[in-house]
Amino acid sequence: MRKTTLCLGVGLHSIFIAARPSSDSRGLHYGSHTSRPHYHEDAGVLKYVNPHIGTYGTSPNDNGGMIPSVSVPFGMTRWTAQTRENYISQVPYHDNDSFVHGFQATHQPAIWMGELGQTVIMPGWNNEIKPTFEQRGLYFQKGDESSTPYVYEVLLDADTEGEHGWDLTEAAAGQGPVPGGAGGPPDDVRKGANGRTRSIETKHQGRSIRVAMTAQAHTGHLRLSYEGASSRIPGTAPKKPHVFIQATRQNWTGHIEIDPKRQEIFGSNPQRQDYRIGPNKPASFSGYFVSRFSEPFASYGTTLGRNISRGSRHASGVNLGAFVNFNQDTKKVEVRTGISFVSIEQARKNLDIEIPDGTSFEHTVAQAKEAWLEKLGRITIEGINNTKQEYDQRTIWYTALYHALQYPNDFSEPTGSGSSSQRIFYNGYTDSVHTSNESYYQSWSIWDTYRAEHSLLTLFAPERVNGMMRSLLKIFDWSGRLPMWANMVETNIMIATNADVVLSNALSRGFRSFNISKAWNAVRKDAYEPPERDTELLYYDREPDTPYEVRAGLTSYMHHGWVDNDRWAESASRTLDYAFDDAACAIVARAAGENDAAKDLEKRARNYANLWNPETEFMQARNANGSFANETWGWTEGDKWVYTFDVAHDVPGLAALFKGGRDGMKAKLDEHFDGGHNFHSNEPSHHVPYLYSLIGHPNSAADRIRRIAWDNYNATSAGLSGNEDLGQMSAWYVFSALGFYPVNSAGNEYVIGTPFFEKVSLRLPTGVATGGEAGRTGGGERKVVIAAPGAPRKRYVKGLTIDGRKKETPIITHGELVNSRVIRFEMSDTPTNWGSRGAF
């Protein structure tokens, strides 16, 4: 994922709060009159999921960028407690914070991408309405917070006094480091800069608001319980419970309305924080919401900043909100909210379809729980490494799968309650509303996710893969290009046309229920047609207002086999990625019957060798005249070390470049790891330890993989060493713990590493062995057992069999995996000779 060149400090509390362990150790306190809800029963493997993993970090770059959200797999909207205002480089929640400022319906897919069309709901219990972020924050203790995939719960101090957290707002950061997605960060957004301060003084008077929150794909359901005696100073009015809803922040004009008869607040928010980057300008975009309340309104009003208009039912503007008060004896309020990108009417329809009137909170929780159990409950893990709770491997693994199955997001919305009902969605490319008979997927962080996330989806969500490929091709129809990094529309973030790899990945694994001819037309255009103004623009990081970037520098790449460093930004990384993309395009070409084109692309896929400097034995950027550029230039989120190994599609060819062949490559790999050059927090490194296996050194692969897993993943809120990036960080762990990884994700092979568990039983979904088509012969569920007795204590593979057949090479194919019954590893606590011949 593209970061900016400067790191930011995050607004951390002056009182340090350590990263927290898994949710098993946290128990939300329930008073003597409040019992633990029954909806936590029968949670199955969801008890191992800790949504707080990845919510802590001291800077945006070492933060997982995750939030303790509730939704369903691939849901359009995620709901989270808001502890800070999000913008590009900051998400709505950080585990170091101690004040909740709202409960947010968010569409920010990653920490380095922008929010769009969000809504925030905040309860209060005071006669004074406090509409701004810093005014409305309520204190909570970490022991009074609990998060699962299906419900989030927290106990808020209703008597919190003072203002808190202005330094955590979008206004304080000037829209963040990259306003509109473009430009560079401000010098300093830390506490105290430019007079910014943050009070953490609280006064507890015994009144609390207990919040429970659950969600469906397009709806949220909050239950607010007002607990404790309402304190009242003689001669003053009694304090009434209220709920405030924020529609917009600074710079964005929305509208809001209150309908007391319907007991609704509804409105719109057109904010799209990535507005400066990419070629698309969806002028009519807006997020819409309809919030329906269980209790009648005693009074109401609207707000613009700190200005309060009591009795007002309509308002428009920036920093816009509305509030409703309830009778003073109200003890419980439920708020159900529909979210839409289509219209207020569609938001109301989403609410009536997903959480209709009369639906209990417990029922909504049960639906969310069932949706996650249907996915995560298919896997049973036995035999783990007995270590501290902070390193519980089941928690890390199940949470990783939970993360990976959130993306890409299904942005289509229902028109009816039946599964056969048409879908409707807002299309940012055409700036119009479309209808369809299937889902439409957005949030495509493809430079990150092509590496392993999409391979994971072919195993654990095969029923969605063909639809995802069709969504990619719809985007091609509308825009003339496949997406690079689409966040509602194209943002031009990152480099290369790795959607080529995503399509070839699906085809290589037997998924073909999409237009293969169109797929070829799309990747052919990527491979052979440079972007507009290719020779005029540098296409640098977050360059604003550019055409579709696609393969910037393709003009020189097609001319002499590399992207010129003195004419385009990130030239070396582009050259290497384009070579891999060419290999992927060749696979699509053959699937489309274009064999001559496939041969040409396979030849071009060897262009990586044009960057090889035989004197240094590193890849190095080159200038237009053929000379080598400075060795530190031309890289994307990496350097010469990691990119020297960025030839996942042709490891034999890469090894042949080294003096001594495979032995020389082994020596360079050792130097890479032992010299501290491997940074797993960024994606170019993810396949590198598996290269050992391919060149005949699986023991070294096992050593490196176990070390990476231990150093970069744990079961606390600091459990991800780098940004999650829409499932890729987690996909690495999911695969690695099973014992293999898709090094060349354009193809159909997995490379053997070292399994972490003694036994994993997989009940793979229907269609997993038949290209996502459950109705085909052999399309039923597949039960696969991966057995590795002693694996927690023994890291080296001594032998491998698939249904009793010996495997001597460190590779298994996708077909072998999904059609097997038992994959059995024989493990050893000392290095072995297995796999020493390598894969070539």
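Biologist: Why is the crossing of helix 8 and helix 9 called left-handed?
Modeller: The term applies when the near helix is turned anticlockwise from the far one by less than a right angle, and right-handed means clockwise. The crossing of helix 8 (residues 499-508) and helix 9 (residues 516-528) is on the left-handed side of that rule. This is a predicted model: local features need pLDDT of at least 70, side-chain atom pairs count only at pLDDT 80 or more, and totals for chains, interfaces and linings use all residues. Residues are numbered from 1 along each chain as its sequence is written, and side-chain values use heavy atoms, without hydrogens and water.

Biologist: At what angle do the axes of helix 8 and helix 9 cross?
Modeller: Roughly 150°, and the axes come within 10 Å. Axes here are lines fitted to C-alpha atoms, for helices over the stretch in contact, with angles from 0 to 180 degrees between N-to-C directions.

Biologist: Which residues make the contact between helix 8 and helix 9?
Modeller: Helix 8 brings Asp500, Leu503 and Leu507, while helix 9 brings Ile516, Ala519, Val523 and Asp526. Contact means heavy atoms within 4.5 Å. The residues divide into 5 nonpolar, no polar and 2 charged. Nonpolar covers Ala, Val, Leu, Ile, Met, Phe, Trp, Tyr, Cys and Pro; charged covers Asp, Glu, Lys and Arg; the others, Gly among them, are polar.

Biologist: Why are helix 4 and helix 18 called oblique to each other?
Modeller: The axes of helix 4 (residues 393-404) and helix 18 (residues 728-738) cross at roughly 130° and come within 8 Å. Under 35 degrees counts as roughly parallel, over 145 as roughly antiparallel, 65 to 115 as roughly perpendicular, and the rest as oblique. The angle of roughly 130° falls in the rest, so the pair is oblique. The crossing of helix 4 and helix 18 is left-handed.

Biologist: What makes the contact of helix 4 with helix 18?
Modeller: From helix 4 come Gln393, Ile396, Trp397, Ala400, Leu401 and His403. From helix 18 come Ser730, Tyr733, Val734, Ala737 and Leu738. By class, 8 are nonpolar, 3 polar and none charged.

Biologist: How do you know that the protein is as compact as a globular protein of its length?
Modeller: Its radius of gyration, taken over C-alpha atoms, is 27 Å. The globule rule, 2.2 Å times the number of residues to the power 0.38, gives 28 Å for 840 residues. The two values are close, so the protein is as compact as a globular protein of that length. The C-alpha trace spans about 90 × 60 × 55 Å along its principal axes. The fold holds 19 helices and 37 strands. Of the contacts with a separation of 6 or more, 74% join residues 24 or more positions apart.

Biologist: Why is glutamine 346 called buried?
Modeller: Its relative accessible area is 5%. Buried means under 20%, exposed over 50%, partly exposed in between (1.4 Å probe, protein chains only). Glutamine 346 is therefore buried. Buried residues make up 66% of the 840 residues. Glutamine 346 lies in helix 2 (residues 344-354). Leaving aside neighbours within four places in sequence, glutamine 346 contacts Ser340, Glu413, Pro414 and Ile424.

Biologist: What is the omega of the peptide bond from tyrosine 407 to proline 408?
Modeller: Near -10°, and the bond is cis. Proline 408 is in the loop between helix 4 and strand 20 (409-410).

Biologist: What is the phi of asparagine 251?
Modeller: About 75°, positive although asparagine 251 is not a glycine. Asparagine 251 sits in the loop between strand 10 (241-246) and strand 11 (254-259). Glutamine 263 also has a positive phi, about 60°. Glutamine 263 is in the loop between strand 11 and strand 12 (264-269).

Biologist: How are helices and strands assigned and numbered?
Modeller: Helices (H or I, at least four residues) and strands (E, at least two) are DSSP runs, numbered from the N terminus.
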